[in-house]
Amino acid sequence: MSISYKNQIKNLISKMPFDIDLDVQLSGRPPTMASSEFLTNKEQGDWAEELVFNAINSYSKDYCAVKYGRSDSLAAGDPGFKTFYTSYQSELNTIGKKPDLLIFNRAQIKGQKIDTDNIDFVSKAISAIEIRSSSFLANRYSDFMNKRTDEAIKQCHKIRKELLKPPTAKLLKKKNAEIFNMIKSASGNTFKEIDFRFQSWSSSKELENLSGLLKTLKTQIKILHKRDYLSITPKLEDIALVNRWINKFNVRHYYLQVFFDKAYIIPFKSVLEIATDSEKEGMVFSIEKDVKNQRKTTIKINIQVGQEIIGKIDMPKHKSTMKELERGRLLFYVTFHGGHGYLDNDIFLKRVINDS
């Protein structure tokens, strides 16, 4: 007997190396003031959702996307926001975090009333998609990181060559044989795998030169240690809330990360499998606390693990907008309009429709 999707998800969460309370109940006071950055991010997120919604409904003949997640335009400081915030927390505590889009077979819902508050209707969805947006051009980022990595490796080879020349090599071996052997055996991409600490020396010109070479090498190695990939970014605190929704509707869940030139998709199930595999940490994913995200713990998964579901995006138009708050404070932020996403229908069918 096959295990239901919701039980597969629950089992995977139980294996994760994090303390995740599946019965968590959210509480807390609503924020009192929005910021320009928050409003811009919200506008960008709304644009990304609209882009994916239109892409699916324009390119998919047999399947359609239905908007599902909350689309309220209220922000902290607006009249009625406190009531909205309390209602939203109550929703999260009962049915969990609603994904942004539901995917249906067009024929299956033809002639039916689109009622996303109806449990039976929502449960008929083939899959559900949570959309995230990122202020990057994926292609440009990849090109930059590849060049940065290539240059750092080139510099590592150059410094290694200097360190292994006599009499520097003999001096290094005498001062620190471990570092000497490490550098001697390093080649190609193995520079990414090494690290060392050393005490700076300055009692002679030769030792001062050796210290300078090691310091420069360490700087280049640090570049190689930095995360060099864009990521799909589920927050750790959302896992219990996504699970709560899946447990109620038993619908397959996906994360879709939208950049300004393309978009990638990954199953929620794969997110959990990856984050459970400690051997992949640092290579395929990382666990970070972003200052920009209120230091909330985020799982950052290399987008290359996902699949490129939208291979091209026409840039939207953007303009500055002003919002006046009740107390007379003015916020200026960016809004996004238009743009077009070109859906890879084969990936959509293979991953979102027929995935098991």
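Start by selecting N250 in this predicted model. With 35% relative accessibility, N250 counts as partly exposed, because that value falls between the 20% and 50% cut-offs. You will find N250 in the loop between α10 and β5 (252–258). Now check its backbone: phi of N250 is near 55°, a positive value in a residue other than glycine. Most residues other than glycine have a negative phi.

**Next stop: α10 and α1**

Select helix α10, residues 238–249, and then add helix α1, residues 5–14. The two helices pack with their axes 9 Å apart, at an angle of about 155°. That makes α1 roughly antiparallel to α10, since angles over 145 degrees count that way. Their crossing is left-handed.

Which residues of α1 and α10 meet? Show the side chains of Y5, K6, I9, K10 and I13 in α1, and those of I239, N243, I246 and N247 in α10. Sorted by class, this contact has five nonpolar, two polar and two charged residues.

**Into the core**

Keep I239 selected and add L102, F104, W245, F268, L272 and I299: these are the residues with the most contacts inside the largest nonpolar core, which has 43 residues. Helix α10 gives the most to this core, with six residues.

Now centre the view on L102. Leaving aside its neighbours within four places in sequence, what is L102 in contact with? Its partners are C64, A65, V66, Y68, V122, A125, S127, A128 and W245.

Another core, of 29 residues, lies apart from the largest one. To locate this second core, select some of its members, including I103, V258, I309 and I353.

**A buried valine**

Move on to V52, which is found in helix α2 (residues 36–59). Is V52 buried or exposed? At 1% relative accessibility, V52 counts as buried. Outside the four places on either side in sequence, V52 is in contact with L101, I131, L256, V258 and I310. You have already met V258, as a member of the core of 29 residues. If your viewer can show distances, try V52 and T297: their C-alpha atoms are separated by 26 Å, and the two residues are 245 places apart along the chain.

**A second helix pair: α6 and α9**

Select helix α6 (residues 138–163) together with helix α9 (residues 205–225). Two packed helices are described by the angle between their axes and the distance between the axes. Here the axes come within 9 Å and cross at roughly 155°. That makes α6 roughly antiparallel to α9, and α6 passes α9 in a left-handed crossing.

To see the contact, display these side chains:

- from α6: R148, T149, A152, I153, Q155, C156, I159, E162 and L163
- from α9: L210, L213, L214, T216, L217, Q220, I221, I223 and L224

By class, the contact of α6 with α9 has 12 nonpolar, four polar and two charged residues.

**Last stops: past α6**

Look at the loop between α6 and α7 (168–175), where P167 lies. The peptide bond from P166 to P167 is cis, with omega near 5°. Most peptide bonds are trans.

Finish at K184, in helix α8 (residues 177–185). Not counting residues up to four places away in sequence, K184 touches R160 and L164. Finally, select A169 as well: K184 and A169 are 15 residues apart in sequence, and 9.4 Å apart in space from C-alpha to C-alpha.

Methods
Residues are numbered from 1 along each chain as its sequence is written. This is a predicted model: local features need pLDDT of at least 70, side-chain atom pairs count only at pLDDT 80 or more; totals for chains, interfaces and linings use all residues. Side-chain values use heavy atoms; hydrogens and water are left out. Axes are lines fitted to C-alpha atoms, for helices over the stretch in contact, and angles run from 0 to 180 degrees between N-to-C directions. Helices (H or I, at least four residues) and strands (E, at least two) are DSSP runs, numbered from the N terminus. Angles under 35 degrees count as roughly parallel, over 145 as roughly antiparallel, 65 to 115 as roughly perpendicular and the rest as oblique. A crossing is left-handed if the near helix is turned anticlockwise from the far one by less than a right angle, and right-handed if clockwise. Contact means heavy atoms within 4.5 Å. Ala, Val, Leu, Ile, Met, Phe, Trp, Tyr, Cys and Pro count as nonpolar, Asp, Glu, Lys and Arg as charged, and the others, Gly among them, as polar. Buried means under 20% relative accessible area, exposed over 50%, partly exposed in between (1.4 Å probe, protein chains only). A nonpolar core is a set of buried Ala, Val, Leu, Ile, Met, Phe, Trp, Tyr and Cys residues joined through side-chain atoms within 4.5 Å.
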